[in-house]
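Q: Hi! Could you walk me through this structure?

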Amino acid sequence: MIYNSFFGFSEEPFGVTPDPKFFYMSRKHEEAIAHISFGINENRGFVMLTGEIGSGKTTVIRYFLENLDKKTHTSLILNPMVEPLDLLKLITHDFGIRYSGNTYKDLMDSLNNFLIKCFEKDEKTILIIDEAQEMSMECLEFIRLLSNLETDTHKLLQVILVGQPELKELISSERLRQLDQRVAVRYHLEPLDEADVSGYIKHRLKVAGSLTVAFPKKGITSIYRASHGIPRLINLCSDRSLMQAYAEGRQEITTKAIKTALKELSIEEKPSPLLLKPAFVGPILFLIAVLIALLIVSKETGIKSPVPIVNTAHIANTSEVKEEKTSDISIVNDIFMTSNSLLVEETSILNLLTIWGEKNLKTEKIMDDIKNRGYLQYEFKDPAKIMNFNLPVIILLKDKSVVLKLLVGKNALIIDPTEGKKILTFSEIKDKITTIKLFYKSKYTGEKADIETRIMRSIDANSPRLVL
């Protein structure tokens, strides 16, 4: 890109290709990956991921593929607008299967033999079809028939269908009801909120190698309103904003430059559609009517009416970053954060309890609150045991304390109470671990057993999982 050297970028920060290196783990993307991982790891057969154009579906899939282990074989179909026989050829070719004939039977026999061999070696096989809403009814029915390739207890082929919202309507049609019944895991990827748009832009600038370029808060609000939180449009708006600043010879990105860029793109800033929904119009009109009535009364009576305190948080809260503060611990975007080095571990405990679904957590006397909620603590040092328990844990590193929330392939989703969410390879943090803390609720009532056995027997289906 022409402006890369001007701003000090090592590469283009807002490219349109789904590069996993630029993947930003928003809450919504985290949930999408968690659903896909659950469906695959639990051998559920069919998984469906949907989302609007440009919402980041392909990027999620690319990230997922990047983090699979070597014992997983994949076939990624990017253009499924073919006949069933041609689709079968694409699938077998992508899996690297050699076949002698070109008939339907030849190909199916070769695919079935390949899947059985993988199963015998305890290897996974995953078929991913992008833009699945473009598939014909015949191809979708053919994909359903592929799910019949199974043993008495195990699906030989896992299928991930990825597509635009029309895919949901297509799958739910009467003709495809048998396929619809086989889709065990579904997730619809929603657009980013304003806080995540800000984090998304900062993340991509950082990955591109810049430590000085920053977008102003008001400018980010303009981009959020213009893009409606769609990553592809965010990239387009951000890229044009950089071009505008470059054209002006400024390394500082101003709100004015961003607004100029949006105008050139003919993208209109619009308020959040939340305000326009019928459910919110009534309350807003009611509040306006109340305010007008109070003004009329105060004018007619000559009495000063106190300014009413109205809680509008339930009406609209789409443009402000959520932040609450209690002493030195604050809540930013649903994550407990602190700048006080003495409170880092306590803040990590709060984040861990949030993962367990705990509400109304106290930021003072944290350990007392933990005991009152029925939690027990177990400490260990061997990182290998983390996978045995398969629960989120607090990791004490040499310089700080963080929460290990999720493992996806080689990568770990970390909640850092000083920096927020970030993704690291597990090997990056493994050698820095000094202590691991596990919090759990004991339901063990059997005979005497060692502590680790009691913990394992206490874990139930409602417990959060480290690897889904």
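What follows is a short chat about the model, from its confidence to single residues.

Q: Thanks! What kind of model is this, predicted or experimental?
A: This is a predicted model. The protein chain has an average pLDDT of 83, and 86% of its residues reach at least 70.

Q: Where is the confidence lowest, and where is it highest?
A: The low point is strand 6, residues 323-326, with a mean of 44. The high point is strand 4, residues 158-163, at 96.

Q: And which stretches have a pLDDT below 50?
A: Residues 273-281 are below 50, and that stretch makes 13 contacts in the model beyond near neighbours in sequence. Residues 297-326 are below 50 as well, with 39 such contacts.

Q: How many helices and strands are there in the chain?
A: The protein chain has 18 helices and 14 strands. It runs to 468 residues, and 45% of them count as buried.

Q: What share of the contacts join residues at least 24 apart in sequence?
A: Taking contacts between residues at least 6 apart in sequence, 68% join residues at least 24 apart.

Q: Back to strand 4. Is V162 buried or exposed?
A: V162, which sits in strand 4, is buried, with a relative accessible area of 0%.

Q: What does V162 touch?
A: Beyond its neighbours within four places in sequence, V162 contacts L49, K57, I61 and L167, as well as I128, I129, D130, E131, A132 and Q133. As for M48, its C-alpha is 5.9 Å from that of V162, although the two are 114 residues apart in sequence.

Q: Let's switch to S55. Where does that one sit?
A: S55 is in the loop that links strand 1 (46-51) to helix 3 (57-66). With a relative accessible area of 1%, S55 is buried.

Q: What does the side chain of S55 reach?
A: It reaches the backbone oxygen of E52, at 2.8 Å. Leaving out residues up to four places away in sequence, S55 also touches H29, L189, I230 and P231.

Q: Now helix 12. Which of its residues are buried?
A: In helix 12, residues 255-264, the buried ones are A257, I258, A261 and L262.

Q: Why do those end up on the same side of helix 12?
A: They are on the same side because they cover an arc of only 135° around the axis of helix 12. The general background is that an α-helix has 3.6 residues a turn, so residues three or four places apart point the same way.

Q: What covers that buried side, and what does the other face carry?
A: The cover over the buried residues of helix 12 includes helix 10 (217-227) and helix 11 (231-247). The face turned away from the buried side carries K256 and K263, which are exposed.

Q: What comes after helix 12?
A: Helix 12 is followed by S266, which has a positive phi near 60°.

Q: Where else is phi positive in a residue other than glycine?
A: D122 is one of them, with phi near 60°. D122 lies in the loop between helix 5 (104-120) and strand 3 (124-129), and counts as exposed at 59% relative accessibility. K365 is another non-glycine residue with a positive phi, about 50°. K365 is in the loop between helix 14 and helix 15 (366-372), and is exposed too, with a relative accessible area of 68%. For context, most residues other than glycine have a negative phi.

Q: Last topic: the sheet. In what order do the six strands of the open sheet run?
A: The order is 9-14-10-11-12-13, with antiparallel pairing. Strand 9 (376-380) and strand 13 (420-425) are at the edges, each pairing on one side only. On average, neighbouring strands of the sheet are turned by 30° against each other, direction ignored.

Q: How many bridges link strand 10 and strand 14?
A: Strand 10 (residues 393-397) and strand 14 (residues 433-440) pair antiparallel over four bridges. In one of them, I394 has K437 of strand 14 as its bridge partner.

Q: And which helix lies across these strands?
A: That is helix 14, residues 344-355, which lies across strand 10, strand 11 (401-408), strand 12 (411-416) and strand 14. Helix 14 runs at about 35° to strand 11.

Technical notes: Residues are numbered from 1 along each chain as its sequence is written. This is a predicted model: local features need pLDDT of at least 70, side-chain atom pairs count only at pLDDT 80 or more; totals for chains, interfaces and linings use all residues. Side-chain values use heavy atoms; hydrogens and water are left out. pLDDT is the predictor's confidence in each residue, from 0 to 100. Helices (H or I, at least four residues) and strands (E, at least two) are DSSP runs, numbered from the N terminus. Contact means heavy atoms within 4.5 Å. Buried means under 20% relative accessible area, exposed over 50%, partly exposed in between (1.4 Å probe, protein chains only). A polar contact is a pair of N or O atoms within 3.5 Å; within protein, one must be able to donate a hydrogen and the other to accept it, and residues adjacent in sequence count only if both atoms are side-chain atoms. The arc is that of the directions from the helix axis to the C-beta atoms. Two strands pair if DSSP finds at least two bridges between them. Axes are lines fitted to C-alpha atoms, for helices over the stretch in contact, and angles run from 0 to 180 degrees between N-to-C directions.
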